[in-house]
Each structure stands twice: as C-alpha cells, then as structure tokens.
Amino acid sequence: MILREILPTVTRPARYIGNELHAVKKETPSFKVALVYPDVYERGMSHLTTRILYHLLNRDEEIQCERVFAPWRDMKERLLREGLPLFSLESHTPLKSFPLIFILLNDPLSYTTILDLLNLAQIPLQADSRFEDSPKSDNLPIIIGGGSCSYNPEPMAPFFDGFWIGDGEEVVPEIVKTVKESSIHIRKEEVLSALSKIEGLYIPRFPKTVRTRIVSTLRKEDIPTVPIVPFIEIDRDSLLIEIERHNVTRPVPEVVEVVQEGFRETGWEKIAFLSSPSPSSLSELLISLAPFIHQNHITLTLPPVQPHCLSDEVISALKDVRRGPLHLLPRIGNGMDDLSESDLIQTVERASKGGFQRIHLHFEIGDPEEGEGRLLKVSHLCREASKAAGHGIQITITPFIPRPHTEGERKPLIGIEALLEKERFLKSALGGRSHRLLVKMPKVEGAFLRGLLVRGDRFISKVIEGVYRSGGSLETWNECFSYNRWVKTFEEMGLDPEEEARRWESRGGVTPPLPWDFILPPKESKESGVQRVESVKSKDSTDSRLNIRWGRKKRRLPALSPFSNLRLRVCFSKGEEVRYLSHLDLMRTIHRSLRRARIPVAYSQGFTPRPKVSFGPPLSVGMTGRMEYFDLLLSEPLSALRAESGAGRSGSDDFVLSLNRVLPKGLSVHEAEPIFPQASSLTEILNIAVYRVAFGGRNPPSPSSQLDPRPGKHPDSGRLPPDLLDLKESEGSVEMVLRIGEGVKMGPKEVLMNLLGLTMDEVQQCTIGRTDLYLTQNDQWVRP
C-alpha cells in the first residue's frame, strides 16, 4: 500500500523507502526502539546524534533501533487521507507499535513538528492521556526526549514521559535496558519510577533534582564508523567526525584510523570535522591525513574556528587537498578589544594565499549590552577582510539567543523591531549591496521565537500546542513558518511575547527562579583535563613534518599510463528496491560504490577532479531498469582486485564481483566489457528503448484499433506517432518501443495517457520498467 500507491504521488519518495547501505534489519530482535528526528530525512540523517544513537543501540544483537523522520507536507496529506499511521524506515512498522520511542530535541522551532508526529502516529499528545489503569503493555509507548534543547525540558514536559539531560551515549542504553527488563511484568508508572533512578534522566511524573550527565571519555567503539549512506543528497552529505567534546580531544592516530575506516565503508567523497582541537593538534592531524585525502580525492571541511586557530601550519597542510569553505568566528566585544583587526586580516590573507576561495565570517548581534560601536567594528572588519582576501566573502549574521545554563541565561531577549533596526544599521554600514560581500541573515522572527521557547516554562507548552492545532509544523522551513500564527496564539493565551522575552531578568532586586533550576551541572571530571593537556602537548608546533612542501603544482594528477588507459562499459540493473531513486541519486550511489570496491577510477585534471564515469539515458523516478549502462575510465589495471575475487578470473570478472559485493540491495552489475577509449558516449549512440508496463494486477487497456497490429507484426509506421515504434500487449502487460534522445517528445507515460487513455493517477499506479536499450546500426538494433 505505502510503496505502490503513495510513493509515486509524493516529492522525493526516496525519503521513505529505507534499504540504504548499512541500514540495520534484524530478523528476530527481542526489543524494538524507535529513534525519531522531528524534521525531514535530509536533516535528520545529517545529525551526528542520530548516527551515534543508531549505531550504539543496534550494536546490541537483541535490540532493533529503527528511524522515523517527519514526512513532507504531501506525504503527510496522503497518510491522513488513507488513515495510515506514521511508520519507521527499516520495517515500515507503525510508530505507535514501538514500546520505547526516543525523540531528539535540537531546535525549539521543531516542537510543533513533534506534536504533529505524535498525531500522525495516532499517539495521544499529552503524556497523562497515555496513562490508563491497565497493564503496562496496553498503554505503551514510553516517549523519552533528549538533545541540546532538553537542558530546559519544561516547555515540552507535558508531552513526554522523560528526558535525558546531557550526552546520550551512556544513559540511552541504560534506559533501553530498564524498559526492556521491566515492561513485561509491571505497569507503566512503575517503569517510569524505575527510570527516574537513572542518573541524568528527568521524569516529569516524578520531579526531582537532576544532574547533567556527560561522557568523561570519547570511546572509539562509540563512533559510527559504518554509518548509513543515504541514497539521496542530505544537508551534510559527508562522513562526520567529532574530534573534541567537553575539552576531551581524540588522539590523532585514532581520528586518522576512523577517517580511513569510514571512507572505506561508505565511499563518501566528503569528510567534515565537527569540532576543532588545539592548533598544534589540528596541524598534526591534517598533516597525517593530507596524503590519504589527496590520494582519494576527498573534500575536507573544517568546523568554524577562531582566527588564531588557523596557524600557518594548518593552512599549509590544507594546500594540497580539496576543501570546503573556511568558516571563521571572530570574537568582538563591546569594548572592541577581543580581537585586533590585524589578527583577522592576517588570517584571511594567509587563507586566501593558501588557496581558500570561499571564506565565511560569522558574527552574532543582538546582545542587550551591544552598542553601535560594535556594529561599526563588525562592518569595518568585514570590508577590510574582503580587501585582504582579494575576492568576495560571505558574512553570516545571527541574532543573539540567551540560552539556559550559560552566563547570559538571564539576559533579556531584545524584541523583533530592535533586531530589525540593528540589521538595517549593519547593512547600511556595510555599504548596502556589494559584489564582494554576500550578507546572509536568518529571519529575526524565527530567532526571537527560538529565544522564547528555549527558556520557556511549562505554561509555554499550551502555546506550542495551540500553534500546532492551528497548522504549525515543519517550522524550521521558511515556507512552513508563520510568525503571525505564534503571535495570535500568544494573544489567545493572554501572553505578550515581548514581555516573555524579558521575563527572567532581575527587576527591583527580585530574581525570579528559572524553569531549569532543578538541573545541576555535570560532575567534575579529572580525566577530561588530563586528556586535553596530553593532546595539546603531544606534538610541538615545530614538528619537522611541518616542513613538507605543499603547493598547487601537486594538484595536477599524474598522466595515465598507456597500459592502464582502459575504458569499461558496464551493464547493470536498477531493481524494485531502488526504483524511486532519481538519476542523480543513482549516479551518486554508483560513484560511492566504486570507491568502496576500490576500483581504480580515473579522475579529471584540475583542482576539483571528477571521476570519469558517464551514464546512459536517465530513468525517471519510479522506473526500474533491466539493461542499463555506464562507462568508466580506469587509472590502472584491474589485477589488484584479483586477490579478493579469486585467481583465474579475467579483469572484467574481478570488476563485476568486486562491485556487486558493495552495491546496495536493488543494484547489480551483469557484465563489464572493454571498449575503445575514443568510443562515442552512451547518450550519443543509444536511441531506442523498450519498456514494459504492468498494471498492478488489473487488465491492461487495449490499444485503439488503429494502433493494434497483428500479433508479432510491426505496425504500420504511418499509424503510430513518430517516436513510438511498437506497442503491443504481452503477458498481461503492455510493451512499447520508443525512440530516445535529443528531440524526442514522447515517453512511456505520454503513451499511456495519450494513446491508452489512462489518467495521471492511473499512470502513477503502474509499474514501468525499461527492459532494454539499443542503438541502430545498419538498420539493425544492437546493444551497446
């Protein structure tokens, strides 16, 4: 029902199919857990916590953790129309059937989406409504939240059974163990009572002081080195590496090992560091990784860093690798003495000379104590940085948000008009529109609401529910966000948003209690400081390896050997499991599979080399293909693959075996044959395609009499459109032969609608497969 009838009608259906590489499916798990990210697939799969918890929970053979993401609006409408509950990706199990659900809270604007997900899952919104005087098994699930927003759980407390406060690596497995061992024999309230005894877990039904729980060590086994590789492009489409957390830095050899293992298992062409160690450790890490990154054509992205962290050694180590934008975080206080102008300008100059063509500066505005002098300083530094770079730079301005458990937690959140005035002043100081300065500012209304919600009390939950019931959901997306909806709901609740923004500041000597006062800071850990010191002292900045010569000359790839200049034509199939991949998704999946199989693919020359792989005519989303093709150029012989595939095989056999070993389910290679290096491309020569259309068990429509030729005979070409060469019924389906290529205007869907009289809805329910591709040669149809 879900795959056949709904997915053809929604945008980006590959969001909902699962079956990605490294997705975990267990036949007989003893306990199932749902991991929910309250946003669409592209954002949820880009989040490191999602990857970590999925890895940790599925590491236990008795536990099956399955993912659930928010559907886009069109998918939501279909689920509601069909009365289908929200389901998991791995097994399409209804979310309400999981005994334990974890929901990640990382953006206050996703709070309404969480309520929408509960409603789509047919789960009562209020936690108290999920309590009945019945056996525990009758009023599951237990819903636990966690993430950066759980440091003040009160705004969402009425909707959750509990929250973990801090890191999840240790506490989440303890939660699973407690629920798994307790839920069979006792009632829900007793399970929650048992959970309340876990350190770092807050159960609103049993309120008490809770201490934030963080990990004291970063264990290598907790790193998801074999993460799920999405079919579709996601927001952070790269291997995410966390180098440092809570002043604990991973050893450089461990990070190098994690990067290499992660690349081998995923084939990702990008690696992103999510945190930075000290400058000396960062330079050591980059020097250790640079040869591997360069050899495998990997793009490296650093996290936002303060200018002083970008030493000459770091820039030198990055010269010879592909890299993403450089993000700098200049610190400018109201006294304008946190950062000297020369520090930033010199850093930008060094980065620009080191090859960084994309430099982003990030500033925060809107602190209540901020004056015009600071804004003028920001605008001056941006203009001078652009001059120093010699090219355009991007400036990202974000509004200040006072957050719980920070020094500014009691600061007033300035109003929207004040924020807009600061934006206008800063834009004017920057000189308006400039070709060298690209200024990006998020919606101040969204930032203002985030500041309200992240410091809200339990009464704010009524506002959140009211906004949801008036249509609020997916409000992290601009096209779904409505500030007026929030203002109207605040008014209905008798609240003034501007007054709420100043609620927690001291007035008249009276300091109001904070909603999160019951959450204590984490215990002091001696280990973190020791590890940090050891990491910083592990290598001196005068390491002799820093004298390695880097430069643009090395970026040009060596010329291919004439003995290895081998071009292969590969025939493969695209099966039912991956029919909803777009052509770009398919190309990306094949490229990464070639990397995992260690196929020596040749790359183009230049600073951003591309794999020399070209594909045949694209297949539309939803179509399968039995005889599809792509060409690739090799940089060296395939003999290296024979050690893995077995002796006595040809190089082509080695290729097929090696690639099939790593391809995701639904993709398989049939054969690979050498072709002349100068042979024409597939898109140039292929001009005939054969399609077979099945009608989901229904009888196929009969072609009109003027198009119905004698069985087995080619119809009179004068009776058919010029792009349609044949049309006949075959084994309860319809087979058609069409011209393809430049200038062709008719495809299989057009034939079904215009010649067979089907509606678009009926066409979407058909299963269309391309069974063969041909080129014409001497009036004969031949395969490429």
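This is a short talk on the predicted model shown above, going from the whole protein down to single residues.

Let me start with the overall picture. The protein has 784 residues, and 56% of them are buried. Its secondary structure comes to 24 helices and 27 strands. Now look at contacts between residues at least 6 apart in sequence. Of these, 78% join residues at least 24 apart. The accessible surface is about 34,800 Å². Carbon and sulfur atoms account for 49% of that surface.

Next, the aromatic rings. A pair of rings is described by two things, the distance of the centres and the angle of the planes. How many aromatic pairs does the structure hold? There are eleven. I will show two of them.

Take Phe102 and Trp164. Their ring centres are 5.8 Å apart. Their planes meet at 75°, over the 60 degrees that the edge-to-face class needs, so that is what we call this pair. Where do the two residues sit in the chain? Phe102 is in strand E3, residues 100-104. Trp164 is in strand E5, residues 162-164. They are 62 residues apart, so this pair links distant parts of the chain. Are they buried or exposed? Phe102 has a relative accessible area of 0%, so it counts as buried. Trp164 is at 1%, and is buried as well.

The second pair is Phe163 with Tyr202. Here the centres are 6.3 Å apart and the planes differ by 20°, which makes the pair stacked. Phe163 belongs to strand E5, and Tyr202 to strand E6, residues 201-202. The pair therefore ties together parts 39 residues apart in sequence. Phe163 is buried, at 0% relative accessibility. Tyr202 is buried too, with a value of 3%. These two rings are also part of a cluster: ring pairs link Phe160, Phe163, Tyr202 and Phe518.

Rings also meet charged side chains. Arg43 lies over the face of Trp477, 3.9 Å from the ring centre. Arg323 does so over Phe356, at 4.6 Å from the ring centre.

On to a helix. H14 spans residues 444-454, and nine of its eleven residues are buried. Among them are Val444, Phe448, Leu449, Leu452 and Val454. Gly446, Ala447 and Gly451 are on the buried list too. What covers them? The cover includes helix H5 at 111-120, strand E16 at 393-399 and helix H13 at 416-429. It also includes helices H15, H16 and H17.

Helix H5 deserves a stop, for one residue. Thr112 is found there. Thr112 is buried, with a relative accessible area of 0%. Which side chain does the side chain of Thr112 meet in a polar contact? That of Glu475, at 3.3 Å. Leaving out residues up to four places away in sequence, Thr112 touches several others, including Ile464, Val467, Tyr468 and Trp486. Gly472 and Ser473 are also on that list.

Now a strand. E19 covers residues 567-574, and eight of its eight residues are buried. That is why we can call E19 largely enclosed by the rest of the structure. Which residues point which way? Arg567, Arg569, Cys571 and Ser573 go one way. Leu568, Val570, Phe572 and Lys574 go the other way.

E19 has partners. Seven bridges join E19 to strand E21, residues 624-633, and the two run antiparallel. One example is Leu568, whose bridge partner in E21 is Leu632. E19 also pairs with strand E22, residues 667-675, over eight bridges. That pairing is antiparallel as well. Here Phe572 has Val669 as its bridge partner.

My last stop is Val751. Val751 lies in helix H23, residues 748-754. Its relative accessibility is 0%, so Val751 counts as buried. Which residues does Val751 contact, leaving aside neighbours within four places in sequence? They are Leu724, Leu727, Met736, Leu738, Met746 and Leu756. As for Pro721, that residue is 30 places from Val751 in sequence. In space the two are 9.5 Å apart, C-alpha to C-alpha.

That is the tour.

Technical notes:
Residues are numbered from 1 along each chain as its sequence is written. This is a predicted model: local features need pLDDT of at least 70, side-chain atom pairs count only at pLDDT 80 or more; totals for chains, interfaces and linings use all residues. Side-chain values use heavy atoms; hydrogens and water are left out. Rings of Phe, Tyr and Trp (its six-membered ring) pair if their centres lie within 6.5 Å; planes under 30 degrees apart count as stacked, over 60 as edge-to-face and the rest as tilted. Helices (H or I, at least four residues) and strands (E, at least two) are DSSP runs, numbered from the N terminus. Buried means under 20% relative accessible area, exposed over 50%, partly exposed in between (1.4 Å probe, protein chains only). A charge sits over a ring if NZ of Lys or CZ of Arg is within 6 Å of the ring centre and within 35 degrees of the ring normal. Contact means heavy atoms within 4.5 Å. Accessible areas come from the Shrake-Rupley method with a 1.4 Å probe; for residues, only the protein chains shown count as cover. A polar contact is a pair of N or O atoms within 3.5 Å; within protein, one must be able to donate a hydrogen and the other to accept it, and residues adjacent in sequence count only if both atoms are side-chain atoms. Two strands pair if DSSP finds at least two bridges between them.
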